[in-house]
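Reader: I should be grateful for a close reading of one part of this model, namely the domains and how they meet. Please begin with the domains of the second chain and then proceed to the elements from which the rest is built.

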Amino acid sequence: MLRVGVEVGGTFTDLVAVGAGELVITKVPSVSSAPDVGAFRALTESGLAFAGITDLAHGSTVATNAVLERKGARIALIATRGFRDILLLQRHDRRSIYDLAYRKPEPLVARRDIFEVGERILADGSVLTELDPAELDRLIRAHLRPGAYEAVAIALLNSYANPAHEHRVAEIVRAGLPGLPVTCSADVAREFREYERTSTTVLATYVQPVIAGYLARFQARLAEAGFTGRLSVMQSNGGLMPAEGMGLNAVTALFSGPAAGVMGATRLAGLSGYRDLITFDMGGTSTDICLVENGRPGLASETEIDGLPARTPVLDIVTVGAGGGSIVWADDGGMLRVGPRSAGADPGPACYGRGGTAATVTDAHVIRGTIRPTAFLGGAMAIDAGAARLALTGLGRQFERAVETLADDAIRLAEANIVRAIQLVSTERGRDPRDYALVPFGGAGPLHAVRIAEALGVETILVPPCAGVISAYGLLAADYAYYDSATRRAELEEGVEATVRQAFAEMCERAERRLAEVGLSGTPSLDLVADMRFVGQAFEVPVALPVERIDRLTAAEIRTLFEAAHERLYRHGSGAGKRVEIVAFRLGAHLPSAALPPLKPPAGRFAAGNATVVEGGRRFDCPIRARATFAAGARVDGPLLIEDSTSTVYVPDGWRGTIDEHFNLILGRSP
Amino acid sequence: MRLDPVDYAVISQSLIAAAREMGAKMIRSAFSTIVREARDCSAALMDRDGNVVAQAELIPLQLGPMGTTFRPCAELFPVDTLEAGDFYINNDPFNGGQHLPDIYIFSPIFHGGRVIAFSATTAHHLDLGGGSPGLNAGATDVYQEGLRIPPSRYNLKRDWGPSGNFQRLVTANIRVPDQTIGDIDAQFAANAVGAERVGELCAKYGVDKIEAAMAELIAYSERRVRAALRAIPNGVYRGEDWVDDDGVSDAPLLVKATVTVKDDAIDIDFAGTCPQVARNLNAPFASTVSAALSCVKAVLTSPDIPFNEGVKRPIHVTAPLGSLLNPRPPAPVRARLEASYRVFNAVMKALAQAAPDRVIASGFDTTTVGCFSFLGPDGYRVYLEVFGGGYGASALGDGCDAVDSPLSNCSNTPIEAMDMEYDYIRVVEYALVPDSGGLGRHRGGLGFVRRYAVLKDGVTFALYADRFKGRPDGVFGGASGTLGRCEVLRAGRVIQLKSKDSMTLAKGDIVSLQMGGGAGYGPAAERPAALVERDLADGFVTTLKARAAE
């Protein structure tokens, strides 16, 4: 049994393989024009025998890039008569209220490719206007000629309540245009709100041929090399799906990268017994934050890409523009700012010596002493400390501060930006960050973790090893997952229990069928969430229902759960006598993957040393040690910098920790 | 007290984040479509003197009135006399407010027994009583427009809640109390969130630093606005525009702006504007100030300047008492946005002379409010929606199609949500209107149409809108935009409605509400051929000749 995870990132393609208890880690440069080439190269360089690989889990940005670069399929959309312009009208609001030259997010299908059919289904699923097949035949003959489109999306009003018309249209289109992929909105997001459902359907239709082509190409290459195992793909919900299952709803392939990182961090922390976590993945341009409860990352039911909404379960990740490359600047009101603009990878921070002149957070670390110029990325990249100093000098003069002090100021501001983003996923949602362990990863996370923890009152930090390959590890750690949703409106009163049980039973049946169709067997573990609100509200509060006692669950209990959730979120909610309704159900079905050994930091060529650090108005000596030199059970005391080949952990004075048997560094305050 | 630059940056960003959180939570937990979907509400943190420090930027027109509604409350009930649980409340257009549906609530934030700040929210409430549900289009004075709450102090514990005297008084005077009281509760909850966040900041940094950061944040915004104004050439610039009519006579209502830029300050005067009118088109002075401020902010300053009292300081607005833009009581004011939009257009036209690259052509720039109500056996049902139109084109590109107008930012109600909730009307079409944008090097944004089928006899329809007669003007050679209109199709016959009108509908009627498009920027002859081709292929424009011949 040999399992392999290959994650294609913007700069590197990472591979983590696990066979007889041993881990193999490989890192190769990505090939941006052909991600599968980089992935294949990582496999070749790892030296693994293709024929021996049983499971290959893959994460890539193919779907995301197809949308961002507008390189998806040419598609047609069929809509209800009178509502052709739903994608252009959108929600009638502006994201930037003072921008006089405001433009709406550009839809993925042009108006000339949107067609109407006469039909209307009502909110209760009844048919007001019957579909006329002859009209569809005419439409296909006139506009959907063979070769005109690569895929067709169908999104009709109220199809969430009754998909019969959409399915009938799909049948007729398939009959007229054999082989053309056709996607119905009710199969992609069975929820009310026509703009969001149509947008999701169009996204799925747009990326589906791209993903299918990519996976077919990759699979053919793998087969040629002797691979006979199962290829799976990471989804935005943090679960894996066998490649053949991606045709059902390709929208889940968007944003899989950050999701894999969260799954990896969650699994590594779980080895050490930590299950309530705030993960933060700080890279070059941004930081991704996710709240994990009882070993399960939070899910959101909607996200957006390039301004276009996608109604699909995604890990509830908040991104803030604070990374190592974030630019330090002063605005025209004389306020010191960090980000959201970033120097990116090219030219990158001034200290990279690639022509960048703007001061960045990484430059600030070099000046403050918390990044050692000679050992950055394990010494793989030369650092020009003089350029970093030059970049920060002007700002130092403007604020009348020593350049080291200004560097420290900039780092504190970057940390404050991350703290606010963490408050967004915790405090603002009624969660106290002090109840969680902070798990930093990504190249820059471990440098900032302690000060961020202090600002939040967090007592425990868990720093996993090998911060740079957590995402690839996450591909192996993730479950196989299938999510389903259904809008079903029911007022919470006696008798509602039957509706809940019926919805649950139907969704379970569908989930088991879908999993079986893609070759997954076993008994899945199930989560059921009801989207609920007071009658009259427009936004729902997700309420987790206890699946194990679903047969005994009463309306009164469901109401209590809802009121507690509403109160936690909005500070009001125990509205005696107010009517409550369920709007939709969401089911998650998980088939867990096998146990994994921990990541072990590779031995590197790091020399111990000493740095002079300037922080909080103090200048002090700080020893530097290599992470691989610590044995399990070793204790560390701040101030200390711990380096490995992808990141540096900063343990300030007043903090100390232990490396446990899973190679996790657990930090807490010194007594 | 001198603040460390990092402490200042962190505290000020935290205050802004707290105001945003207040706004987001109010919207997501609200009950009426007007707050929850249309987001017609605002939230702010203020210092103890009622100066706005940080505001959630949701609706441009609500820039400003937080301070003007606070002050009369504090004069009557001094801040130092406030006790735990007290709040100020005010919706009076003649005491700093704009129109009755906007209720302002201010909750004091105590620290160490002293008031150190206020959290403040306002929301547009669906129905506050008055002559007809949601909207009394024919009101001839403010008393007919609904419940007037003068600047007051009440106590949450004593006066609110199902047995509180004030809540009972309000409930007894409104038609859909579940929604209105629910929305007021959402305001109180948002205020509590703001108080909690300020409390956390005080605990962490000390109250002195928080108060110093508040003062510095106001000064910071003021500095940045003044820096932007210095970049504009000194001079006196004039612009004017018209509201179609007052709904009674046919005479256009003139709005006239004189904008004087001098160094780092700007003075905007509306002398020459027509006198106040007998119907609800009057704009209380607070609306006039907000509209002028919004235009200056959008045209001349960077969008990332945080809005607060400091933004207002360099901008001085005056309007003659008794005019359309500063009416005397008891003038009706419900539709004040139409005149406010002409304030926006007139100031924009004046600024076009000072900063030609930064202005845009006039857009449809009108608020169209349609209200369908129905009295069934279970009481009143009210559906009210606010629509914009096409934006004016800019130097950078075409105007935005079918979007809310610049002073507002309302979302639409999804058709499927309406299908679930209303059994007396149904939307049968929601579409862009081809050819509705003024042509130009950059064309104006398209308008749109919504058509409703009436499903029951006795549905009441009320409407206020504008630009049924006066088209939006193009700039630098761009063509003008197009008009809006409202028609009722009844038994094969078309009934034209006026821009301020109401009507009792019958089952089978089709109400068609059309919003116009914005005007063009630059001559149409300079439009790149590729864009003309695209417009034709996508059906945004259908017949170039027909348009030119108009």
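Author: In this predicted model, the domain assignment divides chain B into domain 1, residues 5-220, and domain 2, residues 360-550. Their centres, taken over C-alpha atoms, are separated by 32 Å. Contact between the two involves 20 residues of domain 1 of chain B and 21 residues of domain 2 of chain B. On the side of domain 1 of chain B that touches domain 2 of chain B, eleven residues are nonpolar, four are polar and five are charged.

A pair of helices in chain B can be described in detail. Helix H1 of chain B spans residues 5-28 and helix H7 of chain B spans residues 207-230; their axes come within 9 Å and cross at roughly 80°. That crossing makes H1(B) roughly perpendicular to H7(B). From H1(B), the residues that meet the other helix are B:Asp7, B:Tyr8, B:Ile11, B:Ser12 and B:Leu15. Their counterparts in H7(B) are B:Lys209, B:Ile210, B:Ala213, B:Met214, B:Glu216 and B:Leu217. Sorted by class, this contact of H1(B) with H7(B) has seven nonpolar, one polar and three charged residues.

The contact between the two chains takes 51 residues from chain A and 62 residues from chain B. On the side of chain A that touches chain B, the elements giving two or more residues are helix H3 (86-89), helix H7 (194-224) and helix H11 (403-425) of chain A. H11(A) gives the most to that side, with five residues. The class composition of the side of chain A that touches chain B is 23 nonpolar, nine polar and 19 charged residues.

For chain A, the domain assignment lists domain 1 (70-201), domain 2 (259-326 + 406-479 + 607-671), domain 3 (327-405) and domain 4 (480-591). The centres of domain 2 of chain A and domain 4 of chain A lie 33 Å apart, taken over C-alpha atoms. Five residues of domain 2 of chain A and eight residues of domain 4 of chain A make up their contact. The side of domain 2 of chain A that touches domain 4 of chain A has one nonpolar, two polar and two charged residues.

Turning to the strands of chain A, four of them form an open sheet with parallel pairing, in the order E6-E5-E9-E10. Its edge strands are E6 (114-117) and E10 (182-184) of chain A, each of which pairs on one side only. From one strand to the next, the twist averages 20°. Helix H5 of chain A, residues 164-176, packs on this sheet and touches strand E5 (75-80), E6, E9 and E10 of chain A. The direction of H5(A) makes about 175° with that of E10(A). Strand E9 of chain A, residues 151-155, is joined to E10(A) by three bridges, and the two run parallel. Within E10(A), A:Cys184 stands opposite A:Ile154.

Antiparallel pairing is found elsewhere in chain A. Strand E26 of chain A, residues 525-534, has seven buried residues out of ten, so it is largely enclosed by the rest of the structure. Ten bridges connect E26(A) with strand E28 of chain A, residues 580-591, in an antiparallel arrangement. E26(A) also pairs with strand E27 of chain A, residues 541-545, in the antiparallel sense over five bridges. A:Ala530 has a bridge partner in each of these neighbours: A:Phe585 in E28(A) and A:Val543 in E27(A). E26(A) and E27(A) form a hairpin with six residues between them, and A:Gly536 in the turn has a positive phi of about 110°.

A further set of antiparallel strands centres on strand E35 of chain A, residues 665-669, which three bridges join to strand E24 of chain A, residues 461-463. Here A:Ile461 has A:Leu667 in E35(A) as its bridge partner. Strand E34 of chain A, residues 655-659, pairs with E35(A) over five bridges, again in the antiparallel sense. A:Trp655 is matched by A:Arg669 in E35(A) as bridge partner. Five residues separate E34(A) and E35(A) in the hairpin that they form, and A:Phe663 in the turn has a positive phi of about 70°.

Conventions: Residues numbered from 1 in each chain as written. Chains lettered and ligands numbered in written order. Predicted model: local features only at pLDDT ≥ 70, side-chain atom pairs only at ≥ 80, totals over all residues. Pairing = 2+ DSSP bridges. Helix = DSSP H or I, 4+ residues; strand = E, 2+ residues; numbered from the N terminus. Axes fitted to C-alpha atoms, helices over the stretch in contact; angles between N-to-C directions. Contact = placed C-beta atoms within 7 Å. Nonpolar A, V, L, I, M, F, W, Y, C, P; charged D, E, K, R; others polar. Buried ≥ 20, exposed ≤ 12 C-beta atoms within 10 Å, placed from the backbone. Parallel < 35°, antiparallel > 145°, perpendicular 65-115°, else oblique. Domains from an automatic or database assignment.
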